[in-house]
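Here is a note for a colleague who comes to this structure without background. The points go from the whole chain to single residues and ring pairs.

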Amino acid sequence: MKGLIQRVSQASVAVDGEQIASIGPGVLLLLGVEKEDGEREARELCRKILTYRVFPDDAGRMNRSLSDIGGSLLVVPQFTLAADTSSGTRPGFSLAAEPDLAIKLYQSFLMDARSQLGPDKVSEGRFGADMKVGLINDGPVTFLLESRKKGA
């Protein structure tokens with residue numbers, strides 16, 4: 001499971017011209033699910049994202065996590081993060097999870113995040129939709145986080 005996180009001042013998602021979610025200061029997460037992923041990977045990545053220190057402390061160093069600052073999380077499903085880009089000039093999607101598994105793990109991730117941050121602190125995009133994502137990247141600060149695979 002892969003998560004591209006961006007520290008944001010604000011972020012939003014629109015579908016068919018209608019805004020369906022928005023957050024203030026916090027993290028925008030683009031979430032990719034791979035075919036080898038399971039509940040363990042979803043839990044591990046959620047823990048990592050909520051505790052990853054990307055917010056400045058009083059000295060300006062990245063020492064505070066999303067959980068520490070009480071920020072918001074906007075989770076956007078993005079299957080293209082699971083693309084194989086190792087050869088050629090067109091991405092392959094053989095590593096991406098099938099939709100049934102991907103939506104199950106996406107929803108599991110959301111439930112876990114809401115249980116830890118609070119339901120009012122977690123917003124979401126729409127699985128399978130053509131979404132327009134807007135953000136003000138604060139920093140810019142962007143990191144790609146991955147859960148460890150079984151046996152790795």
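1. Read from the N terminus, the elements of this protein follow the order β-β-β-α-β-β-α-β-α-β-β, which amounts to three helices and eight strands. Please keep in mind throughout that the model is a predicted one.

2. On overall dimensions, the radius of gyration is 15 Å, close to the 15 Å that the globule rule gives for 152 residues, so the protein is as compact as a globular protein of that length. Taken along the principal axes, the box filled by the C-alpha atoms is roughly 45 × 40 × 35 Å. The accessible surface comes to about 8,200 Å², and carbon and sulfur atoms account for 48% of that surface.

3. On burial and contacts, 43% of the 152 residues are buried. If one takes the contacts between residues at least 6 apart in sequence, 73% of them join residues that are at least 24 apart.

4. In soluble globular proteins, nonpolar side chains tend to be buried together. In the present model the largest nonpolar core has 27 residues, and those with the most contacts inside it are Leu29, Leu31, Ile49, Leu73, Val75 and Phe109. At least two residues of this core come from each of β3, α1, β4, β6, α3 and β8, while the largest share, seven residues, is supplied by α3. Apart from this core lies another, of twelve residues, which has Ala11, Leu28, Leu30 and Val76 among them.

5. Leu31 deserves a look of its own, as one of the residues with the most contacts inside the largest core. Leaving aside residues up to four places away in sequence, Leu31 touches Met1, Lys2, Leu45, Val75, Val76, Pro77, Gln78, Leu81, Tyr106 and Phe109.

6. How far apart should the ends of helix α3 be, and how far apart are its end C-alpha atoms? The helix covers residues 99-117, and at 1.5 Å a residue its 19 residues should span 27 Å; the end C-alpha atoms are 26 Å apart, which agrees with that expectation. After α3 comes Gly118, which has a positive phi, near 110 degrees.

7. The buried residues of α3 are Ala102, Leu105, Tyr106, Ser108, Phe109, Leu110, Asp112, Ala113 and Leu117. These buried residues pack against β3 (26-32), α1 (39-51), α2 (66-69), β6 and β7 (122-124).

8. The packing of α3 against α1 can be followed from Cys46, which is found in helix α1 and is buried, with a relative accessible area of 0%. Not counting residues up to four places away in sequence, Cys46 touches Phe109, Asp112, Ala113 and Gln116; of these, Phe109, Asp112 and Ala113 are among the buried residues of α3. Cys46 and Leu30 are 16 residues apart in sequence, and their C-alpha atoms are 12 Å apart in space.

9. Is Ser72, which lies in strand β6 (residues 72-77), buried or exposed? Its relative accessibility is 13%, and because buried means under 20%, Ser72 counts as buried. Apart from residues up to four places away in sequence, Ser72 touches Ile23, Pro25, Gly26, Val27, Leu66 and Lys121.

10. A pair of aromatic rings is described by the distance of the centres and the angle of the planes. The structure holds three aromatic pairs, and one of them, formed by Tyr52 and Phe143, is edge-to-face, at 5.6 Å centre to centre with 65 degrees between the planes. Tyr52 lies in the loop between α1 and β4 (53-56) and Phe143 in strand β8 (residues 131-146), so this pair ties together parts that are 91 residues apart in sequence. Tyr52 is partly exposed, with a relative accessible area of 29%, and Phe143 is likewise partly exposed, at 28%.

11. In another pair, the rings of Phe79 and Phe93 have their centres 5.0 Å apart and their planes at 50 degrees, so the pair is tilted. Phe79 and Phe93 are 14 residues apart, and each is placed in the loop between β6 and α3. Phe79 is exposed, with a relative accessible area of 51%, whereas Phe93, at 35% relative accessibility, counts as partly exposed.

Terms used:
Residues numbered from 1 in each chain as written. Predicted model: local features only at pLDDT ≥ 70, side-chain atom pairs only at ≥ 80, totals over all residues. Heavy atoms only, no water. Buried < 20%, exposed > 50% of the residue type's maximum accessible area, 1.4 Å probe, protein only. Contact = heavy atoms within 4.5 Å. Helix = DSSP H or I, 4+ residues; strand = E, 2+ residues; numbered from the N terminus. Expected span 1.5 Å × (residues − 1). Phe/Tyr/Trp six-rings, centres within 6.5 Å; stacked < 30°, edge-to-face > 60°. Rg over C-alpha atoms; globule rule 2.2 N^0.38 Å. Areas by Shrake-Rupley, 256 points an atom, 1.4 Å probe, with all protein chains shown as cover. Core = buried A, V, L, I, M, F, W, Y, C linked by side-chain atoms within 4.5 Å.
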